[in-house]
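Colleague: I am new to this structure and would like a close look at one part of it, the salt bridges. Please take me through them slowly, and say where the residues sit and what surrounds them.

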Amino acid sequence: MTYKENEKKALIEVAHIRKEYPLGDETVVALKDISLKINKGEICCIFGTSGSGKSTLLNQLAGMEKPTKGMVKIGGVPISLLTEDQLAKFRQQHLGFVFQTYNLLPNLTATENVALPLLFKGVPKEKREKIARKMLCRVGLSHRLDHFPKQMSGGQQQRAGIARAFITQPAVVFADEPTGNLDSKTTVEVMEMICSFAKDFNQTIILVTHDPEMASYADRVVKLIDGEIISDTIVSH
């Protein structure tokens, strides 16, 4: 099945996902019966405390783990059924990630880190670095193009991480506690940046957080407790 973006159909479809983990002689049920549809261009916050199942749900949506039961489709593609090679290719083509711990490669400059997704797409070095520099300027890092991660603050590293996540204009960007290591001022800047990119490119954002402040940036908040959705609320702005 080939990927397709249909404006009128949900971009992400989750049908009766259950995820179990063996723990000694017992079985831990992390997700019980999750069904969800997320539209193109929507900023959807998966909200819950530690142990609620939100990180497990993120892993299911991004194809990082296979469900015990159920199905996840993105753009009509049943990612739960793809092989690791197929998943890797799918992520490169359609998904972006912003991590709490930035995940920049320490031996690469900001420009080289941001350009990395374009390298995997076969874009020539000069062209990909030109695009990366443009992205870094957009996130306010024009003075850090040739700096290594250890030469940048946490906020600057996360800006570089955002530039890297959005450089290929992926259909879906997963932001996993993207401001967890940042102060309140930088948190606002980072979230406004993510929302700005998403609006410009009509991208879907899956924001995973335990912070109620983060939920205010979303169009919709899906709240999890003990592996179940207990509320699904549209946010009025």
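**Salt bridges and their surroundings**

Modeller: Asp200 is partly exposed, with a relative accessible area of 48%, a value that falls short of the exposed class because that class begins over 50%. Please keep in mind throughout that this is a predicted model. The partner of Asp200 is Arg138, and in this salt bridge the closest N and O atoms are 2.5 Å apart. Arg138 belongs to helix H4 (residues 125-138) and Asp200 to helix H6 (residues 184-201), so the pair ties together parts that are 62 residues apart in sequence. Arg138, for its part, is also partly exposed, at a relative accessible area of 37%.

Arg138 has a second role in the picture, as it is one of the residues that line the second largest pocket, together with Ile131, Lys134, Met135, Phe166, Ile167, Gln169 and Phe201. That pocket has a volume of about 160 Å³, and H4, with four residues, gives the most to its lining. Sorted by class, the lining comprises five nonpolar residues, one polar residue and two charged residues.

The structure holds eight salt bridges, and Arg220 is the residue to turn to next, since it belongs to a network of salt bridges that links it with Glu42 and Asp232. In the pair of Glu42 and Arg220, the closest N and O atoms are 3.1 Å apart. Glu42 lies in the loop between strand S2 (26-38) and strand S3 (43-47), whereas Arg220 lies in strand S9 (residues 220-225), so this pair ties together parts that are 178 residues apart in sequence. Both Glu42 and Arg220 are buried; for Arg220 the relative accessible area is 8%, and it counts as buried because the limit for that class is under 20%.

Asp232 makes the other link to Arg220, and here the closest N and O atoms are 2.8 Å apart. This pair, too, connects distant parts of the chain, with Asp232 in strand S10 (residues 228-234) and Arg220 in strand S9, 12 residues apart. Unlike the buried Arg220, Asp232 counts as partly exposed, at 42% relative accessibility.

The strands named here also meet in a sheet. Six strands form an open sheet with mixed pairing, in the order S6-S7-S8-S3-S9-S10, which places S9, the strand of Arg220, between S3 and S10. S10 and S6 are the edge strands, each with a single partner, so one side of each has no neighbour in the sheet. On average, neighbouring strands of this sheet are turned by 15° against each other, when direction is ignored. S3, which follows the loop that carries Glu42, pairs in the parallel sense with strand S8 (residues 204-209) over five bridges; within this pairing, Cys44 has Ile206 of S8 as its bridge partner.

The other edge strand, S6, leads to the largest pocket, as strand S6 (95-99), helix H2 (84-94), helix H3 (110-120) and helix H5 (154-166) each supply at least two residues of its lining. The largest pocket has a volume of about 420 Å³, and among its 16 lining residues Leu95, Phe97, Pro117, Phe120 and Arg164 are the closest to its centre. Its lining divides into nine nonpolar, five polar and two charged residues.

Note on methods. Residues numbered from 1 in each chain as written. Predicted model: local features only at pLDDT ≥ 70, side-chain atom pairs only at ≥ 80, totals over all residues. Heavy atoms only, no water. Salt bridge = Lys/Arg side-chain N within 4 Å of Asp/Glu carboxyl O. Buried < 20%, exposed > 50% of the residue type's maximum accessible area, 1.4 Å probe, protein only. 1 Å grid on protein atoms, 1.4 Å probe; cavity = no way out; pocket = protein on both sides within 12 Å on 5 of 7 lines; lining within 4 Å. Points joined across faces, edges and corners; volume = space filled by probe spheres on them. Nonpolar A, V, L, I, M, F, W, Y, C, P; charged D, E, K, R; others polar. Pairing = 2+ DSSP bridges. Axes fitted to C-alpha atoms, helices over the stretch in contact; angles between N-to-C directions.
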